[in-house]
Amino acid sequence: MDHDDIGIMIDKIDVRNTHGSGSERLFDISIFYKVVFSNLGDCTLRIDIDRASSIDAALGEAAVELACCLSRAANAARANEA
């Protein structure tokens, strides 16, 4: 890994709650990511998605949240180096 490399994998997906029934069912889901920073070690990041129509939809929404979190973390780390 280079200085700024990050490894990410899904560690666990928990369905916390369901709302409704049948095709109208919605899910509250927690997705736990294992994030490894090449120069800082690793951490677990939890992203909660409420009332998702499916696990796939929750994963898509969580991917956007994850990208935003990692972008902010990388920018903060670069600012601290300067």
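In the next few minutes I will walk through strand S2, its two neighbouring strands, and two serines in this predicted model.

Let me begin with the strands. S2 covers residues 26-37, and it is joined by twelve bridges to strand S1, residues 6-19, with the two running antiparallel. S1 and S2 form a hairpin with six residues between them, and in that turn Gly20 has a positive phi of about 80°. On the other side of the sequence, a hairpin of three residues leads from S2 to S3, and these two strands, S3 being residues 41-52, pair in the antiparallel sense over ten bridges. If you would like one residue to follow across the strands, take Phe27, which is the bridge partner of Thr18 and which also stands opposite Ala52 in S3.

How many of the twelve residues of S2 are buried? Nine of them are, so that the strand is mostly covered, if we take buried to mean under 20% relative accessible area.

That brings me to the nonpolar core, and here I would recall that in soluble globular proteins nonpolar side chains tend to be buried together. The largest nonpolar core in this model has 13 residues, of which Tyr33, Ile47, Ile49 and Ala62 touch the most other members. S2, S3 and H1 are the elements that give two or more residues to this core, and the largest share, six residues, comes from S2. Setting aside residues up to four places away in sequence, Tyr33 touches, among others, Ile8 and Ile10, Cys43 and Leu45, and Leu59, Ala62 and Leu66.

Now to the two serines, which I would like to set side by side. Ser30 lies in S2, whereas Ser71 is found in helix H1, residues 55-81. Which of the categories, buried, partly exposed or exposed, does Ser30 fall into? With a relative accessible area of 1%, Ser30 lies under the 20% limit and is therefore buried. Ser71, at 37%, falls between 20% and 50%, and so counts as partly exposed.

The surroundings of Ser30 deserve a closer look, since its side chain makes polar contacts with two arginine side chains, with Arg16 at 2.9 Å and with Arg46 at 3.3 Å. Beyond its neighbours within four places in sequence, Ser30 is also in contact with residues including Lys12, Asp14, Ile47 and Asp48.

For Ser71, I will add one distance: its C-alpha atom is separated by 13 Å from that of Val35, a residue 36 positions away along the chain.

Terms used
Residues are numbered from 1 along each chain as its sequence is written. This is a predicted model: local features need pLDDT of at least 70, side-chain atom pairs count only at pLDDT 80 or more; totals for chains, interfaces and linings use all residues. Side-chain values use heavy atoms; hydrogens and water are left out. Helices (H or I, at least four residues) and strands (E, at least two) are DSSP runs, numbered from the N terminus. Buried means under 20% relative accessible area, exposed over 50%, partly exposed in between (1.4 Å probe, protein chains only). A polar contact is a pair of N or O atoms within 3.5 Å; within protein, one must be able to donate a hydrogen and the other to accept it, and residues adjacent in sequence count only if both atoms are side-chain atoms. Contact means heavy atoms within 4.5 Å. Two strands pair if DSSP finds at least two bridges between them. A nonpolar core is a set of buried Ala, Val, Leu, Ile, Met, Phe, Trp, Tyr and Cys residues joined through side-chain atoms within 4.5 Å.
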